[in-house]
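Welcome! Please take a moment to look over the sequence and the 3D view, and then we can walk through a helix, a core and some aromatic rings together.

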Amino acid sequence: MKLIAGLGNPGAKYRETLHNIGFEVVDELARRHGVRFESAPAEALIAKVRKPGDTLEQGILLVKPLTFMNVSGRAVGELQRYFRIDVDELLVIVDDINLP
């Protein structure tokens, strides 16, 4: 299974801001695949994307942490461990990043 986490901040104050581009990306992926977000075994919403005949292990887990960005790793990490997803199967979508 692969995990795609779209980061953002909860609440109306941040809705439709560039800071929430991660939420918008996973929302669009969910829309394109016809899946809906539901509660998760962590502080997050999840949507499971699978092709017909795929097992859960062959699917993609879309994640929207319900925490603020600076602590979103906690929710993503909990889901990564819960679903036993390797770190190389994890993609995090954010509005900005600093790379050396």
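What follows is a short tour of this predicted model.

**A helix with two sides**

Let us start with helix α1, which covers residues 21–33. With 13 residues at 1.5 Å a residue, α1 should span 18 Å, and its end C-alpha atoms are indeed 18 Å apart. Which residues of α1 are buried? They are Gly-22, Phe-23, Val-26 and Ala-30. Looking down the axis of α1, you would find its buried residues within an arc of 100°, so they line one face of the helix. These buried residues pack against three strands: β1 (2–6), β4 (60–65) and β5 (90–93). On the other side of α1, Arg-31 and Arg-32 are exposed. Just after the helix comes Gly-34, which takes a positive phi of about 70°.

**The nonpolar cores**

Now turn to the largest nonpolar core, which has 16 residues. Leu-3, Ile-46, Leu-61, Val-63, Leu-79 and Phe-83 have the most contacts inside this core. Two or more residues each come from β1, β3 (42–49), β4 and α2 (72–82). Val-63 is a good residue to click on: leaving aside residues up to four places away in sequence, Val-63 touches partners including Leu-3, Ile-4, Val-26, Phe-37, Ile-46 and Leu-79. There is also a second, separate core of 7 residues, with Ile-4, Val-26, Ala-30 and Leu-62 among them.

**Rings in pairs**

How many aromatic pairs does a search of the whole structure find? The search finds 2. A pair of aromatic rings is described by the distance of the centres and the angle of the planes. Here are those values:

| Pair | Centre to centre | Angle between planes | Arrangement |
|---|---|---|---|
| Tyr-14 and Phe-68 | 6.1 Å | 80° | edge-to-face |
| Tyr-82 and Phe-83 | 5.0 Å | 80° | edge-to-face |

Tyr-14 sits in the loop between β1 and α1, while Phe-68 sits in the loop between β4 and α2, so their pair ties together parts that are 54 residues apart in sequence. Tyr-14 is partly exposed, with a relative accessible area of 23%, and Phe-68 is partly exposed at 41%. In the other pair, Tyr-82 is exposed with a relative accessible area of 55%, whereas Phe-83 is buried at 17%.

**A lysine over two rings**

Finally, have a look at Lys-64. Lys-64 lies over the face of Phe-23, at 5.6 Å from the ring centre. Lys-64 also lies over the face of Phe-37, at 4.8 Å from that ring centre. Phe-23 may be familiar by now, as one of the buried residues of α1.

Terms used
Residues are numbered from 1 along each chain as its sequence is written. This is a predicted model: local features need pLDDT of at least 70, side-chain atom pairs count only at pLDDT 80 or more; totals for chains, interfaces and linings use all residues. Side-chain values use heavy atoms; hydrogens and water are left out. Helices (H or I, at least four residues) and strands (E, at least two) are DSSP runs, numbered from the N terminus. The expected span of a helix is 1.5 Å times one less than its number of residues. Buried means under 20% relative accessible area, exposed over 50%, partly exposed in between (1.4 Å probe, protein chains only). The arc is that of the directions from the helix axis to the C-beta atoms. Contact means heavy atoms within 4.5 Å. A nonpolar core is a set of buried Ala, Val, Leu, Ile, Met, Phe, Trp, Tyr and Cys residues joined through side-chain atoms within 4.5 Å. Rings of Phe, Tyr and Trp (its six-membered ring) pair if their centres lie within 6.5 Å; planes under 30 degrees apart count as stacked, over 60 as edge-to-face and the rest as tilted. A charge sits over a ring if NZ of Lys or CZ of Arg is within 6 Å of the ring centre and within 35 degrees of the ring normal.
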